[in-house]
Amino acid sequence: MIRHQEDIIIQTICRMLIPFMQVYGLYVLAHGHGSPGGGFQGGCIFAASFILMPIAYDLDKAKRRFTERRTILFCSLGVFIYAGVGWLCLLLGGNFLDYGKLSAILPVGPVMARYYGIAVIETGVQITVMAVMVSIFINLITSGRHEEEMRNTHD
Amino acid sequence: MKKFLGVAIAIAALMVLLQGVEDLPPWGDPNQPASLHVSPRYIEKSLTETGVPNMVTAVLADYRGYDTLFETAVIFTAGVAVLMILRRSAP
Amino acid sequence: MIDTFFTHYNYWVFAVLLMIGLYSMMAKNNLMKKLIGMNIFQWAIILYFISIGAKRGAQIPIVVGAHGQGENLAIHAAEYINPLPHVLMLTAIVVGVATTGISLALLIAIYKQYDTIEEDKIIEALKK
């Protein structure tokens, strides 16, 4: 049971901090090519911003943004993007996950086609990791009842 | 009783491990077998073959992309499994 | 054994952490403490693999100053550390997170059923 506590300092700071955390998560994803980072790391940082919301505020705020249907949709979307790019490379004549053949649809050479293939794949991985982390967190807190209304939130 | 047995087994296993660790290569040796077979090829050719300066991302997403696909499937399965364990259909 | 300590002390740290995790898994009574012991065990192995990939005087495995075209850069394998253990351990970390999440869910389910998470009380309740 989560007791609803009003704490003005924590709420103000979290309200300012959550958008910056999300931008930082996307930055770590986008700069995975030139500095340490990538899909898994950016996904965890992005999920941390959504986990900060129930800790500072009420759980209903996070549940309104991440209904159960949307969470599971995002989980599957990431794996679908990853396998979809591999399947697309198969259609264009190469092996599975052979991004060099993507140069048939993108206007770049085979070396840079692998560059862009890696970028799309890391995006898919980030979406899945973010959605799974938020889903596990909300399920552990509400004991599996993601969709039920929270009773006794205001004591 | 259980704690004493646990400490005894842990110390015995620690002694065995420390004996076995002497034969491993010293820390930071550039000629150890872990850095000799396929790893120099990844280091030297990853920028010219993939165009990505970060070798870890290039190996993870391009040379070993199949492993990363199934690892994403593993974390998806973990999310679904938590949902299924904690949800009871009976009220 | 002591004379190789200064060249092999990363393996000593790994062995000590491993045994701390193993002791927690074997001898503690609370299920949550056993879970933390399993987590320590896992991280000791990840530390071991990452310490294998180090090279003396080498840089991190990111080529500086090139983006997209690298034909005129000479890259020697002795200047960069081994990227392969880092790649494998990324997968291991994610698997560790998945395992921890599922075992926490199992712990909640056990608590709902037996109303305790001490191991001896659960075994007593099972025998009845």
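A residue counts as buried when 20 or more other C-beta atoms lie within 10 Å of its own, as exposed when there are 12 or fewer, and as partly exposed in between. With 19 other C-beta atoms within 10 Å, A:Cys44 is therefore partly exposed. This is a predicted model, and that applies to everything below. For the complex, the predictor gives an ipTM of 0.85 and a pTM of 0.88. Chain A has a mean pLDDT of 87, with 91% of its residues at 70 or more. Within chain A, confidence bottoms out in α3(A), at a mean of 81, and is highest in α1(A), at 93. For chain C the mean pLDDT is 88, and 94% of the residues reach 70 or more.

To stay with A:Cys44 for a moment, its place is in helix α2 of chain A. Leaving aside residues up to four places away in sequence, A:Cys44 touches A:Val129 and A:Met133. A:Val129 sits 85 residues from A:Cys44 in sequence, yet their C-alpha atoms are 6.7 Å apart. The helix itself, α2 of chain A, covers residues 39-56; at 1.5 Å a residue its 18 residues should span 26 Å, and the end C-alpha atoms are indeed 26 Å apart, so the two figures agree. Plenty of this helix is tucked away: the buried residues of α2(A) include A:Gly39, A:Phe40, A:Ile45, A:Phe46, A:Phe50 and A:Met53. What do the buried residues of α2(A) pack against? Their partners in chain A are α1 (8-30), α3 (59-65) and α5 (110-142), and they are joined by α3 (84-114) of chain C.

That brings in the contact between chains A and C, in which nine residues of chain C meet eight residues of chain A. On the side of chain C that touches chain A, six residues are nonpolar, three are polar and none is charged.

Chains B and C meet as well, through 44 residues from chain B and 48 residues from chain C. On the chain B side, the elements giving two or more residues are α1 (2-20), α2 (39-50), α3 (55-63) and α4 (65-86). Of these, α1(B) gives the most, with 11 residues. Sorted by class, the side of chain B that touches chain C comes to 29 nonpolar, eight polar and seven charged residues. A residue of chain C that touches chain B is C:Trp12, which contacts B:Leu18 and also C:Phe5, not counting residues up to four places away in sequence. C:Trp12 belongs to helix α1 (residues 5-27) of chain C. Is C:Trp12 buried, exposed or partly exposed? It has 16 C-beta neighbours inside 10 Å, so C:Trp12 counts as partly exposed. Between C:Trp12 and C:Tyr48, which are 36 residues apart along the chain, the C-alpha separation is 9.8 Å.

Within chain C, helix α2 (residues 31-52) pairs up with α3(C): their axes come within 10 Å and cross at roughly 175 degrees. Angles over 145 degrees count as roughly antiparallel, so α2(C) is roughly antiparallel to α3(C). Among the residues making the contact are C:Leu35, C:Gln42, C:Ile46 and C:Phe49 of α2(C), along with C:Met89, C:Ala92, C:Ile93 and C:Thr100 of α3(C). By class, this contact has 13 nonpolar and six polar residues, and no charged ones.

A pairing between chains A and B runs at another kind of angle. The axes of α5(A) and α3(B) come within 10 Å and cross at roughly 85 degrees, and α5(A) and α3(B) are therefore roughly perpendicular. The contact is made by A:Arg114, A:Ile118, A:Ile121 and A:Glu122 of α5(A) with B:Thr57, B:Ala61 and B:Asp62 of α3(B). Here the classes come out as three nonpolar, one polar and three charged residues.

Finally, two loop residues deserve a look for their backbone angles. A:Leu97, in the loop between α4 (68-91) and α5 of chain A, has a phi near 60 degrees, a positive value in a residue other than glycine. A:Leu97 is buried, with 21 other C-beta atoms within 10 Å. C:Asp115 also has a positive phi, about 65 degrees, although it is not a glycine. C:Asp115 lies in the loop between α3 and α4 (119-127) of chain C. With 10 other C-beta atoms within 10 Å, C:Asp115 is exposed.

Conventions. Residues numbered from 1 in each chain as written. Chains lettered and ligands numbered in written order. Predicted model: local features only at pLDDT ≥ 70, side-chain atom pairs only at ≥ 80, totals over all residues. pLDDT = per-residue confidence, 0-100. Helix = DSSP H or I, 4+ residues; strand = E, 2+ residues; numbered from the N terminus. Expected span 1.5 Å × (residues − 1). Contact = placed C-beta atoms within 7 Å. Nonpolar A, V, L, I, M, F, W, Y, C, P; charged D, E, K, R; others polar. Axes fitted to C-alpha atoms, helices over the stretch in contact; angles between N-to-C directions. Parallel < 35°, antiparallel > 145°, perpendicular 65-115°, else oblique.
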